[in-house]
Amino acid sequence: MDSLDNVSPQLSHHPPPTHTRRPRGPTLPAHRLPDLPGRVAIPGQSRGRPGTPSPLERFNAASAEDAERTLLACLNSVRWALRMAGHRPYPDLASLLAASDEAAYDLTAAELAQALAAESLPALPEDTYAAAHTALNAAYAAYEAKFGHAFVICLDGLKPDAVLDHVLEGIRSRLANDPEEERSVAAEELRRLTRGRLTGLLTATAAGHQPFPPDRPGEQGQ
């Protein structure tokens, strides 16, 4: 009994442990979770490499000269390029494309003619048969003789096997336009081409493509 009496006071200094229920899951905020091996990112939410600016951010931060040179490769109009470069920064691609359309609508007849003069003929699929090239070359020559500039048409979103028919149908129908009507149609196609080129430049992955310098007009969005 004496031994028990001696032990009890010692035990009284150590109260029995209390069992608390731990919260499930991580305790860190979601944005501070570690990148664990095998962890799969949710589509559309990956952040990419830390510190790597997006193409749009690079465009916004570029010098005026670099930005203007990039813009001129999308649409050969000095006033349009100056206006677009001067309104930076753009918060997103949609804002930049809206500004591009608005500035392109303000082109004078002379500026539109200058922009159209820099355009090349639409590229056809490599397997286009020779007879089609012959027919198109004749149509292109007739178009340029009538309107004084290259035939421009936006082919964005078309499947390769639909390109030839779309170009043939477009040039045949537009040859029937008078110069004023065709100027309006060509201006709209040029705006669409410009949007496609800008989109291609500023949605390219930072690892795979660089926004400077871009391709020349006629080599993108066609």
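## Close-up views of a predicted model

**Figure 1. Two charged partners share a helix.** Glu65 and Arg69 both sit in helix 3 (residues 64-72), four residues apart, which is about one turn of the helix. This is a predicted model, and in it Glu65 makes a salt bridge with Arg69, with 3.9 Å between the closest N and O atoms. How exposed is Glu65? Its relative accessibility is 58%, so Glu65 counts as exposed. Arg69 comes out at 44%, so this residue counts as partly exposed.

**Figure 2. A salt bridge links distant parts of the chain.** Here the side chains of Arg83 and Asp106 meet, 2.6 Å from N to O. The two are 23 residues apart: Arg83 belongs to helix 4 (residues 78-86), while Asp106 is in the loop between helix 5 (93-105) and helix 6 (109-117). Arg83 has a relative accessible area of 27%, so it is partly exposed. Asp106, at 40% relative accessibility, counts as partly exposed too.

**Figure 3. A buried pair, and a small network.** Now look at Arg174 and Glu182, whose side chains form a salt bridge (2.7 Å, N to O). Are these two residues buried or exposed? Both Arg174 and Glu182 are buried. Elsewhere, Glu65, Asp66 and Arg69 are joined into one network by salt bridges that share partners. How many salt bridges turn up in a search of the whole structure? The search finds 11.

**Figure 4. Inside the largest nonpolar core.** This core holds 43 residues, and the ones with the most contacts inside it are Phe59, Leu71, Trp80, Leu96, Leu136 and Val167. Plenty of helices chip in: helix 2 (55-61), helix 3, helix 4, helix 5, helix 6, helix 7 (130-147), helix 8 (160-174) and helix 9 (179-202) each supply at least two residues. Which helix gives the most? That's helix 9, with seven residues. In soluble globular proteins, nonpolar side chains tend to be buried together.

**Figure 5. Who touches Leu96?** Zoom in on Leu96 and set aside its neighbours within four places in sequence. What is left in contact with Leu96 is Leu56, Phe59, Met84, Tyr90, Leu198 and Leu202.

**Figure 6. An arginine tucked into helix 9.** Arg191 has its place in helix 9. At 12% relative accessibility, it falls under the 20% cut-off, so Arg191 counts as buried. Which residues does Arg191 touch, not counting those up to four places away in sequence? They are Asp101, Ala104 and Tyr105.

**Figure 7. The second largest pocket.** This pocket has a volume of about 160 Å³. Its lining includes Leu112, Leu116, Phe147, His149, Pro179 and Arg183. Glu182, which you met in the salt bridge with Arg174, is part of the lining too. Helix 6, helix 7 and helix 9 each give two or more residues to the lining, and helix 6 gives the most, with four.

**Figure 8. Where to trust the picture, and where to go easy.** The mean pLDDT of the protein chain is 78, with 69% of its residues at 70 or more. Among the elements of the chain, helix 4 has the highest mean pLDDT (97) and helix 1 (residues 2-12) the lowest (43). Over residues 205-209 pLDDT stays under 50, and the model has four contacts beyond four places in sequence for them. Residues 218-222 also stay under 50, with 21 such contacts in the model. Where pLDDT is low, the predicted coordinates should not be read in detail.

Methods:
Residues are numbered from 1 along each chain as its sequence is written. This is a predicted model: local features need pLDDT of at least 70, side-chain atom pairs count only at pLDDT 80 or more; totals for chains, interfaces and linings use all residues. Side-chain values use heavy atoms; hydrogens and water are left out. A salt bridge is a side-chain nitrogen of Lys or Arg within 4 Å of a carboxyl oxygen of Asp or Glu. Buried means under 20% relative accessible area, exposed over 50%, partly exposed in between (1.4 Å probe, protein chains only). A nonpolar core is a set of buried Ala, Val, Leu, Ile, Met, Phe, Trp, Tyr and Cys residues joined through side-chain atoms within 4.5 Å. Contact means heavy atoms within 4.5 Å. pLDDT is the predictor's confidence in each residue, from 0 to 100. On a 1 Å grid over the protein atoms alone, a cavity is a set of points where a 1.4 Å probe fits but cannot get out, and a pocket is an open set with protein on both sides within 12 Å along at least five of seven lines; lining residues have an atom within 4 Å of a point. Grid points are joined across faces, edges and corners, and a volume is the space filled by probe spheres set on the points.
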